[in-house]
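Hi everyone, thanks for coming. I'd like to walk you through a chain I've been looking at, so please have the view open in front of you.

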Amino acid sequence: MKAVVLDANDQFRIAEMTEPVPGPGEVAIRVAYSGVQYGDVLVREGHFPIPRPFVPGFEAAGEIVAVGAGVDEARIGEQVSALIGGGGYAEVVTAPAVLAINAAGVGPRAAAGFGWITPTAYDLINTVAGVRPGDSVLIHAAAGGVGSLAGQFADAAGAERIVGVVGSADQVDYAHRFGYHQVLVREEFPDALGEEKFDAILDPIGGSTRIENLARLAPHGRIVVYGNIATFEPVTVSANDLLMQGQSLLTYNSNLASQTNPKRLADSAARAMKLVADGTVRIDITAEYELADIETAIANLAGGLTRGKSIVRVG
Ligand SMILES: NC(=O)c1ccc[n+]([C@@H]2O[C@H](COP(=O)([O-])OP(=O)(O)OC[C@H]3O[C@@H](n4cnc5c(N)ncnc54)[C@H](OP(=O)(O)O)[C@@H]3O)[C@@H](O)[C@H]2O)c1
């Protein structure tokens, strides 16, 4: 089969490889499209000590063509979107059966775009922040992959007010397509909000933004920390101060969940997929590349030149 490999010289090249065979509890997927995500950039830049050659690609969509021991053979032929630890930029990939999420009725392009960001955004809003009808929600990086979905999931959960924060004026109109009632440019945060406080805040930013967010929590408010885009600088919070306001600081880590509790992650992913399939939530695919153009696809993401989701056509 054809696959992209990252070689010992940190170069991507297309290679001919043996098709992987599913082990116990796994399925083999004939890949139609794969999603491009930031993990590809981190691998490309050498942030993970991964043995070479390595086939990158952390989200693959296609058809199950074989199953390993312990997996129902009736799954052969099923269209899925798989959450994987690599191997997605290849014509065939193996995945844990539990994390090969049924994507019937979604189409292979959206199924590839679904990736990790959709279950993440679903869980941030529903499972972790527990957004309820009438809640107010503040979402940073609102024009990003997670942010563009989180706005829609918050809307679907019945949030009464959804405010997004983006990096530049041209992202404001873009973010408005995803359920937001108001979108601020970063420099306007938090002053443009006056004294407003929020029931739920999603914070992938860190540093001074995290401190401002904590000050914006309403009584019983929940802040969910799920990334450190701006800085890893530690932010200290007093549990007693939170207690006095009935507030909660929560975290979310989908990669960890895939290892420690894959069934729970799969359950969230299946619920998210239903909302994509019925059109409640839209995955905005803005760029499609060929397998041979993987270097460009990843460089564009790393350079902040993309919006929404990029995918790669494999099969
Ligand atoms: N914990 C988890 O389970 C989990 C799962 C998935 C993703 N994540 C994390 O979630 C974050 C977003 O992921 P994504 O896939 O949505 O990424 P993405 O599509 O690349 O979006 C990232 C966004 O970050 C914004 N940004 C860039 N630099 C910033 C800065 N210095 N301050 C504030 N915002 C900045 C950009 O907004 P503008 O373009 O508007 O400037 C961009 O839209 C990442 O940190 C990722 O690691 C966590």
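I'll go through the domains, then some helices, then a few backbone details. One thing to keep in mind throughout is that this is a predicted model.

Let's start with the domains. The domain assignment splits the protein chain into domain 1, covering 2-115 + 284-313, and domain 2, covering 118-255. Their centres, taken over C-alpha atoms, are separated by 29 Å. How many residues does each domain put into the contact? Domain 1 supplies six residues and domain 2 supplies five residues. On the side of domain 1 that touches domain 2, you'll find one nonpolar, two polar and three charged residues.

Now to a helix pair. Please find helix α3, residues 117-128, and helix α9, residues 262-277; their axes come within 9 Å and cross at roughly 100°. An angle from 65 to 115 degrees counts as roughly perpendicular, and α3 and α9 are therefore roughly perpendicular to each other. Who meets whom here? From α3 we have T118, P119, Y122, D123 and T127, and they meet L265, S268, A269, R271, A272 and V276 in α9. By class, the residues of this contact of α3 with α9 come out as six nonpolar, three polar and two charged.

Next, two helices with a clear buried side. In helix α10, residues 294-302, the buried residues include I294, A297, I298 and L301. Why do they sit on the same side of α10? Because they cover an arc of only 90° around the axis. If you look at what those buried residues pack against, you'll see β1 (2-6), β2 (12-16), α1 (38-44), β14 (285-290) and β15 (309-313). And just after α10 there is G304, with a positive phi of about 70°.

The other one is helix α6, residues 207-215, whose buried residues are T209, R210 and N213. They cover an arc of only 100° around the axis, so they are on the same side of α6. Turn to the face away from that buried side, and you meet the exposed residues S208, I211 and A215. The buried residues of α6 are covered by elements including β8 (136-140), β11 (198-203) and β12 (217-225).

Last topic: the backbone. As a reminder, most residues other than glycine have a negative phi, and most peptide bonds are trans. So where should we look in this chain?

For cis peptide bonds, go to R52 and P53, where omega is near -5°. P53 is in the loop between α1 and β4 (59-67). Then go to F189 and P190, also joined by a cis peptide bond, with omega about 5°. P190 is in the loop between β10 (182-185) and β11.

For positive phi, have a look at A141, which is not a glycine yet has a phi of about 50°. A141 is in the loop between β8 and α4 (145-156). H220 is not a glycine either, and its phi is positive at about 70°; this residue lies in strand β12.

Are these two buried or exposed? A141 has 24 C-beta neighbours inside 10 Å, so A141 counts as buried. H220 has 10 C-beta neighbours inside 10 Å, so H220 counts as exposed.

That's my tour, and I'm happy to take questions.

Conventions:
Residues are numbered from 1 along each chain as its sequence is written. This is a predicted model: local features need pLDDT of at least 70, side-chain atom pairs count only at pLDDT 80 or more; totals for chains, interfaces and linings use all residues. Axes are lines fitted to C-alpha atoms, for helices over the stretch in contact, and angles run from 0 to 180 degrees between N-to-C directions. Helices (H or I, at least four residues) and strands (E, at least two) are DSSP runs, numbered from the N terminus. Angles under 35 degrees count as roughly parallel, over 145 as roughly antiparallel, 65 to 115 as roughly perpendicular and the rest as oblique. Two residues are in contact if their C-beta atoms, placed from the backbone, lie within 7 Å. Ala, Val, Leu, Ile, Met, Phe, Trp, Tyr, Cys and Pro count as nonpolar, Asp, Glu, Lys and Arg as charged, and the others, Gly among them, as polar. Domain bounds come from an automatic or database domain assignment. A residue is buried if 20 or more other C-beta atoms lie within 10 Å of its own, exposed if 12 or fewer, and partly exposed in between; C-beta atoms are placed from the backbone. The arc is that of the directions from the helix axis to the C-beta atoms.
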